[in-house]
Amino acid sequence: MTGLRRTAGAFFTFHLLVYMAFLTMQGLFRTIGIICPNFDSAFRIASLIVPNMISYGGYIIPVDSMRRYIFWLYYINPIGYSFSGLMENEFGKLDMLCDGNYITPRNAPGQSVYPDGLGPNQVCTFFGAQPAQNVVHGRDYIQTGYGLNASDLWRRNFVVLFVLFLFFQVTQYWAMEKVNFGGMGGIQIFVKEDKETKALNERLKERAAQGDEKVEREREFQRGKTLTWKDVNYVVPVPGGTRRLLHDVTGYVKSGQLVALMGASGAGKTTALDVLAQRKNIGVITGEVLLEGRPLSTSFARETAYAEQMDVHEPTTTVREAMRFSAYLRQPYEVSKEEKDEYVESIIELLELQELSEAMVLTLGVEARKRLTIGVELASRPKALLFLDEPTSGLDAQSAFNLVRFLRKLAAAGQSIICTIHQPSALLFENFDRLLLLETGGETVYFGDIGADSKVLRDYLSRNGAHCPDDQNPAEFMLEAIGAGSQARIGPRDWKDIWLDSPEFARMKTEIEDLKAEGVARSTEDTTKPTTYATPIYYQLRVVVERALRALWRSPDYTWTRLFVHVFLSLFVSLTFLNLGTSLRDLQFRVFAIFWVSILPAIVVNQIIPAFIINRMIYIREASSGMYSPMVFAVGQLLAETPWSILSAILYWVLMYFPMDFGQGATGKAGSLYFLVMILALELFGVTMAQAIAALSPTIKVAVLTNLPISLILTTFAGVTIPYPNLAKFWRSWMYQLNPFTRLIAGLVVTELQGLPITCRDDEFALFEPPSGQTCAAWADTFVNTFGGYLNNPNATSQCQY
């Protein structure tokens, strides 16, 4: 499509060089990934290596213009060898015709001063052009312009590239064998106590021994409410139709009860829990779900707590901070901060997290994280219920027992709890008050009491033909009995039919009607206007931004990487173009140095995307509980990044602008402030673009792959790599105009180059001979006055320098 040399040899050579360069760079980046302990460390090394490889590949800076003190980078650069090979492959056997635009001097439209073609007193300005010759050999072009020898394609470039490929294969194999960072093991990181937290922790230690007072404090927790559900069905769309996941599920939970929701894999345990918690946003839900005998309001999500199976928390926050964050945003705004803080201290004590109150979440063990998940939900002071999705998942037997013991304590304090649980032990199972058992298809098999030593459940099963031996776990036996295990079900009838015909089912329906009537009589209808969030937007924003700023401060790898990239990128650019002069080549270097500013967003985006998507996972969990709005999350992420964007912009500006001796044009050093403002604006643009890409992408991988074409388009159509006159009309008519980088580079280039005096070096002049008896000025003045530029020796009669 680009019109490169269309021969079989040129095509396969091009493909071979590109593929070999890809494999070599892949080996390099894999080696970096193996020897680095985390993403940020690898990102710092990559951000230092890649820009240098691009700059010292032989295009931006020709080999003969490279600084002597970093000239060696060219000789260890895989991109340099691949670029040289591709140039030699394309131009080695190519002849180019010098048309009118590259002839000096030449006629402007409507003039007839000079010959229309290339005459004896004109010269082609192509690199490698010969006097009076309108054909330029490609070998001469790359030799003169880039210092490349077409004969080096196979004898040097491919050989060195292949050697580098083998070298990086060896380094990654060696690194895989030798480098081992291990894990954090049992290490826990604690945040240093301030005056407030130190006093709180001392008080918790004093109260830890006061068991009687602790029981009294547990009674102060919000008592739960009665939730009833009757004939609940859930149907979801599937390709070709619909599928029913729940069928006529009926039951209830009262204050002070701990209800277990169990069933076979795929029976719909978590689905039923989500439906009751009003967390499903697809499909059709029918049936009756009432709280205290009344329909659910829009504030139901805030009145309940839902502990998800995955313990998703802000990793850099402490246990106390995580609970306070939940309390601040989920408890009513009218409740004072002091009262919320005091309630959080009670939760910490109840869950026995006193010793871990200042521990960072990322260093907590599995059991402690489970308790924190429950604590974060309890900190909201739920008025109605607590839902838990498999809280014992991933825990050993002792940890699981401790966790269920905590749930039992909460129920004893008056909380209403519904909990899905998978394969509990007999000791664990009998801690629950009631059981809702489902079989495949979302059918109810049993709902009722479990009893001491599971006696009530055993009697029900035995009465219907499934006798549970005394030495067998009833929680496992009941699943085997209904056919949810490896054996066929016990008995000829389906257990759902047995349940529908049982006296327990009839009694349950009566109990539900009684509970509904009691609930309506006990509670008064809430006449206040229901709200989605407990706190106003401005308060949400303050709390969310405070946490985001604190998280970045406690993530030194992330913030240091951000500063590192800007410092070393600006240093490498300024060292490459140190103390630029006013020659023609230096003029081009000034434009390329400015162009490097536009590379910043591409680098910043790749760092911000993973962090944003991880934070989005936390937001999704918190938003489902009605903590704060999506606008608060988006604005909070931007505001938290802003201080680091400002600092990064200042560092880049100082280390880039002044060492290169910018400000020699008409604006002088006063233009430096404009540079700073534009770099800062670009930083914020990079942050918002990264967050926009991440917000629209389902995974980090998709987001990073999306960033690549966007960054390529923005930098390609900004007018530097392809000058505006050379852009295709299609792209020039809209893409160039819409590109924000066009305005960035245009503003910086105009500020820097306007009024800059250009003085060509001796090797930058186009040399031509004037007609016999004429001076250079007499022959070329018309051309110079029309097209600009200057004659270095206007009175000479030979070797005119333009």
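**Exercise 1. Is C36 buried or exposed, and what relative accessible area does C36 have?**

Solution. The model is predicted, and the values below are computed from it. The first step is to recall the cut-off, since a residue counts as buried when its relative accessible area is under 20%. The second step is to look up the value for C36, which is 9%. C36 is therefore buried.

**Exercise 2. Find how many disulfides there are, and describe the one that C98 forms.**

Solution. The cut-off needed here is that the two cysteine sulfur atoms lie within 2.5 Å, and by this rule the count comes to 2 disulfides. C98 forms its disulfide with C124, and their sulfur atoms are 2.1 Å apart. The pair joins distant parts of the chain, for C98 sits in the loop between β1 (95-97) and β2 (103-104), while C124 belongs to strand β3 (residues 123-124), 26 residues apart. The torsion about the S-S bond of C98 and C124 is about 100°, and so this disulfide is right-handed. As a last step, consider accessibility: both C98 and C124 are buried.

**Exercise 3. Describe the link between C776 and C800 in the same manner, and then explain why C760 is too far from C776 for a bond.**

Solution. The sulfur atoms of C776 and C800 are 2.0 Å apart, and the two residues form a disulfide. This pair, too, links distant parts of the chain, with C776 in helix α28 (residues 776-787) and C800 in strand β16 (residues 800-801), 24 residues apart. The angle about the S-S bond is -95°, and the link of C776 and C800 is left-handed. C776 has 0% relative accessibility and therefore counts as buried, and C800, also at 0%, counts as buried for that reason. Turning to C760, the closest cysteine sulfur is that of C776, but it lies 15 Å away, which is too far for a bond. C760 is nevertheless buried, with a relative accessible area of 17%. When the bonded cysteines are counted along the chain, the disulfides follow the pattern 1-2, 3-4.

**Exercise 4. Describe helix α13, its span and its two ends.**

Solution. Begin with the extent of α13, which covers residues 397-412, that is, 16 residues. From its first C-alpha to its last the helix reaches 22 Å, close to the 22 Å expected at 1.5 Å a residue. Next, examine the N-terminal end, where D396 acts as a cap, with a side-chain oxygen 3.3 Å from the backbone nitrogen of Q398. After the helix comes G414, whose phi is positive, near 110°. Finally, several residues of α13 are buried, including A400, L403, F406 and L410.

Notes. Residues are numbered from 1 along each chain as its sequence is written. This is a predicted model: local features need pLDDT of at least 70, side-chain atom pairs count only at pLDDT 80 or more; totals for chains, interfaces and linings use all residues. Side-chain values use heavy atoms; hydrogens and water are left out. Helices (H or I, at least four residues) and strands (E, at least two) are DSSP runs, numbered from the N terminus. The expected span of a helix is 1.5 Å times one less than its number of residues. Buried means under 20% relative accessible area, exposed over 50%, partly exposed in between (1.4 Å probe, protein chains only). A polar contact is a pair of N or O atoms within 3.5 Å; within protein, one must be able to donate a hydrogen and the other to accept it, and residues adjacent in sequence count only if both atoms are side-chain atoms.
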